Amino acid sequence: KDRVTMVRRPRDHVFSMYEFCDQATDPLYRMIAGSEQKLEGQANYKLPDTFGKWIDEWHKTPRFGDYDIYEDDEACYCPYNMQAA
């Protein structure tokens, strides 16, 4: 069998995780995060306004657990778990 392995630079992968949440262009994400008031401009929006701040926050106060992005306070991925995206 033929096989293909795709490898991504880790920083690019983590940056795309942040962008997914920051830009919130995915319709399902907007529906679910929006229903919990976790989109920009809503009451429970907590995502830092820059990628650097988001990484610094995770570095200083990491949050681990068995939960999906919608259960996270910021409604975003865990950058330590690059398999999550």
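Which residues is E74 in contact with, leaving aside its neighbours within four places in sequence? The legends below take up this question after an overview of the chain.

**Figure 1. Overview of the predicted protein chain, with three helices and zero strands.** This is a predicted model, in which local features need pLDDT of at least 70 and side-chain atom pairs count only at pLDDT 80 or more, while totals for chains, interfaces and linings use all residues. Residues are numbered from 1 along each chain as its sequence is written, and side-chain values use heavy atoms, with hydrogens and water left out. Helices (H or I, at least four residues) and strands (E, at least two) are DSSP runs numbered from the N terminus, and the chain reads α-α-α along its sequence. The C-alpha trace spans about 50 × 30 × 25 Å along its principal axes. Of the 85 residues, 31% count as buried, where buried means under 20% relative accessible area, exposed over 50% and partly exposed in between (1.4 Å probe, protein chains only). The accessible surface, from the Shrake-Rupley method with a 1.4 Å probe, comes to about 6200 Å², and 51% of it belongs to carbon and sulfur atoms. Contact means heavy atoms within 4.5 Å; among contacts between residues at least 6 apart in sequence, 54% join residues at least 24 apart.

**Figure 2. Close-up of E74, in the segment after α3.** With neighbours within four places in sequence left aside, E74 is in contact with Y29, K46, L47, P48, W54, E57, W58 and R63. E74 counts as buried because its relative accessibility is 4%. The C-alpha atom of E74 is separated by 18 Å from that of H13, a residue 61 places away along the chain.

**Figure 3. Close-up of D72, also placed in the segment after α3.** At 3% relative accessibility, D72 counts as buried. Beyond its neighbours within four places in sequence, D72 is in contact with K38, W58, R63 and Y67.

**Figure 4. Close-up of the largest nonpolar core, which holds 18 residues.** Such a core is a set of buried Ala, Val, Leu, Ile, Met, Phe, Trp, Tyr and Cys residues joined through side-chain atoms within 4.5 Å. The members that touch the most other members are C21, Y29, L47 and W54. Helices α1 (10-23), α2 (27-35) and α3 each supply at least two residues of this core, and α1 gives the most, with four residues. When residues up to four places away in sequence are not counted, C21 touches Y29, L47, A75, C76 and Y77.

**Figure 5. Close-up of the aromatic rings, with Y29 and Y70 as a pair.** Rings of Phe, Tyr and Trp (its six-membered ring) pair if their centres lie within 6.5 Å, and planes under 30 degrees apart count as stacked, over 60 as edge-to-face and the rest as tilted. By this rule the count comes to seven aromatic pairs. The pair of Y29 and Y70 is tilted, at 5.8 Å centre to centre and with 35 degrees between the planes. This pair links distant parts of the chain, since Y29 lies in helix α2 and Y70 in the segment after α3, 41 residues apart. Y29 counts as buried at 1% relative accessibility, and Y70 is buried with a relative accessible area of 16%. One aromatic cluster is formed by F15, Y18, F51 and W54.

**Figure 6. Close-up of the backbone at Q37 and at A75.** Most residues other than glycine have a negative phi. Q37, which is not a glycine, has a positive phi of about 60 degrees, and Q37 is found in the loop between α2 and α3. With a relative accessible area of 34%, Q37 is partly exposed. A75, likewise a residue other than glycine, has a positive phi near 55 degrees, and its place is in the segment after α3. A75 is buried, with a relative accessible area of 0%.
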